[in-house]
Amino acid sequence: MRLAEGLAELLSPTRCAGCELPGALLCPDCEGALPRIDPRTACPRCGAPTRGGACVECAGRAFAFAGARCLGTLEPPLSRMVVLHKDAGERRLGAVLGALAAEVWLATPPAAPAVPPEAVTFVPASRDALRHRGFDHAEGIAHAVAARLGLPCVRALTRVRGGDQRALGRDARLAALSCAFAPGPEPTPPRVLLVDDVFTTGATLHAAALALRASGCAEVLALALARACGG
Ligand SMILES: [Zn+2]
Ligand SMILES: [Zn+2]
């Protein structure tokens, strides 16, 4: 451990993001209590939990991504971890949760594409969010996913407009998100795994996937940490 890290640990010991127990960012009890979505019965289109029947979350919605997987539902302790990561600046949680999401992906990808994704990319934060938080919250998650999958993480998108969408309903989100994304500084991979932290209506991932496909990507698959159902 470097001296700076040692001092930081002394002044503010690492605590579990779920229960505040000192020691690790995610204690074994809280890891066991994560509201995981069973990938065997999850909706292959949107990643929502189902009881094996038709998905009520994405019925009637068209997505530009071919399938989606989510680690868990947006409930404690996962919801708390997402907030601590995004809004309290606990950037190490992005790596922890990204690695867990990658495990789910490896075990059961939502579709069985003939050719798997060649790279991982992420939904870039708006300029306002970047200024406010000081980091791009989905980027760290995507890097952890890419490392676990043995794929490069590329910046294939930029955000051209659109701020925080969380307070908006689906129609308002769709209107705000149209044309929100443009090709990024790195070339668009032919097949890509698109990462974000929360899947609510799917509108953000859809808009990002549309931009990727418009710049030549043949297939986009989506992976999120948390599925907010009823969005
Ligand atoms: Zn805990
Ligand atoms: Zn669905």
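How many of the twelve residues of H8 are buried? The points below take up this question first and then turn to the rest of the predicted model.

1. Helix H8. Nine of the twelve residues of H8 are buried, so this helix is largely enclosed by the rest of the structure. The buried positions are Ala203, Thr204, Leu205, His206, Ala207, Ala208, Ala209, Ala211 and Leu212. H8 covers residues 203–214, and the distance from its first C-alpha to its last is 16 Å, close to the 16 Å expected at 1.5 Å a residue. Just after the helix, Gly216 adopts a positive phi of about 110°.

2. Helix H6. This helix runs over residues 137–149; at 1.5 Å a residue its 13 residues should span 18 Å, and the 19 Å between its end C-alpha atoms agrees with that. Its buried residues are His137, Ala138, Ile141, Ala142, Ala144, Val145, Ala146 and Leu149. An α-helix has 3.6 residues a turn, so residues three or four places apart point the same way. The buried residues of H6 pack against three helices and three strands, namely H3 (78–86), H4 (92–107), H5 (127–133), E2 (119–122), E5 (191–199) and E6 (219–227). Gly150, just after H6, has a positive phi of about 70°.

3. First zinc site. The zinc ion (ligand 1) is held by the SG atoms of Cys16, Cys19, Cys27 and Cys30, at 2.3 to 2.4 Å. Angles of 106 to 113° among the four donor atoms make the site tetrahedral. The donor residues follow the spacing C-x2-C-x7-C-x2-C in sequence. As to accessibility, Cys16 is buried at a relative accessible area of 1%, and Cys27 is buried at 7%. Cys19, at 37% relative accessibility, counts as partly exposed.

4. Second zinc site. For the zinc ion (ligand 2), the protein donors are the SG atoms of Cys43, Cys46, Cys55 and Cys58, lying 2.3 Å from the ion. The donor atoms subtend angles of 102 to 115°, and the arrangement is therefore tetrahedral. Here the spacing of the donor residues in sequence is C-x2-C-x8-C-x2-C. Cys46 and Cys58 both lie in the loop between helix H2 (28–33) and strand E1 (67–73), so the pair ties together parts that are twelve residues apart in sequence. Both Cys46 and Cys58 are buried.

5. Disulfides. A disulfide is a covalent bond between the sulfur atoms of two cysteines. The structure holds zero disulfides.

6. Aromatic pairs. Three aromatic pairs are found in a search of the whole structure. One of them joins Phe63 and Phe65, which are stacked at 4.6 Å centre to centre with 15° between the planes. Phe63 also pairs with Phe199 in an edge-to-face arrangement, at 6.0 Å centre to centre and 85° between the planes. This second pair links distant parts of the chain, with Phe63 in the loop between H2 and E1 and Phe199 in strand E5, 136 residues apart.

7. Setting of the ring cluster. Ring pairs join Phe63, Phe65 and Phe199 into a cluster. Phe63 has a relative accessibility of 13% and therefore counts as buried. Phe65 is buried too, and Phe199 is buried with a relative accessible area of 1%. Strand E5, which holds Phe199, is also one of the elements against which the buried residues of H6 pack.

Note on methods:
Residues are numbered from 1 along each chain as its sequence is written. Chains are lettered from A and ligands numbered from 1 in the order in which they are written. This is a predicted model: local features need pLDDT of at least 70, side-chain atom pairs count only at pLDDT 80 or more; totals for chains, interfaces and linings use all residues. Side-chain values use heavy atoms; hydrogens and water are left out. Donors are N, O and S atoms within 2.8 Å of the metal (3.2 Å for Na, K and Ca); water is not among the atoms, so sites may look incomplete. Four donors count as tetrahedral if all angles lie between 85 and 135 degrees; four count as square planar and six as octahedral if opposite donors are over 155 degrees apart and all others between 65 and 115; anything else is irregular. Buried means under 20% relative accessible area, exposed over 50%, partly exposed in between (1.4 Å probe, protein chains only). Helices (H or I, at least four residues) and strands (E, at least two) are DSSP runs, numbered from the N terminus. The expected span of a helix is 1.5 Å times one less than its number of residues. Contact means heavy atoms within 4.5 Å. A disulfide is a pair of cysteine sulfur atoms within 2.5 Å. Rings of Phe, Tyr and Trp (its six-membered ring) pair if their centres lie within 6.5 Å; planes under 30 degrees apart count as stacked, over 60 as edge-to-face and the rest as tilted.
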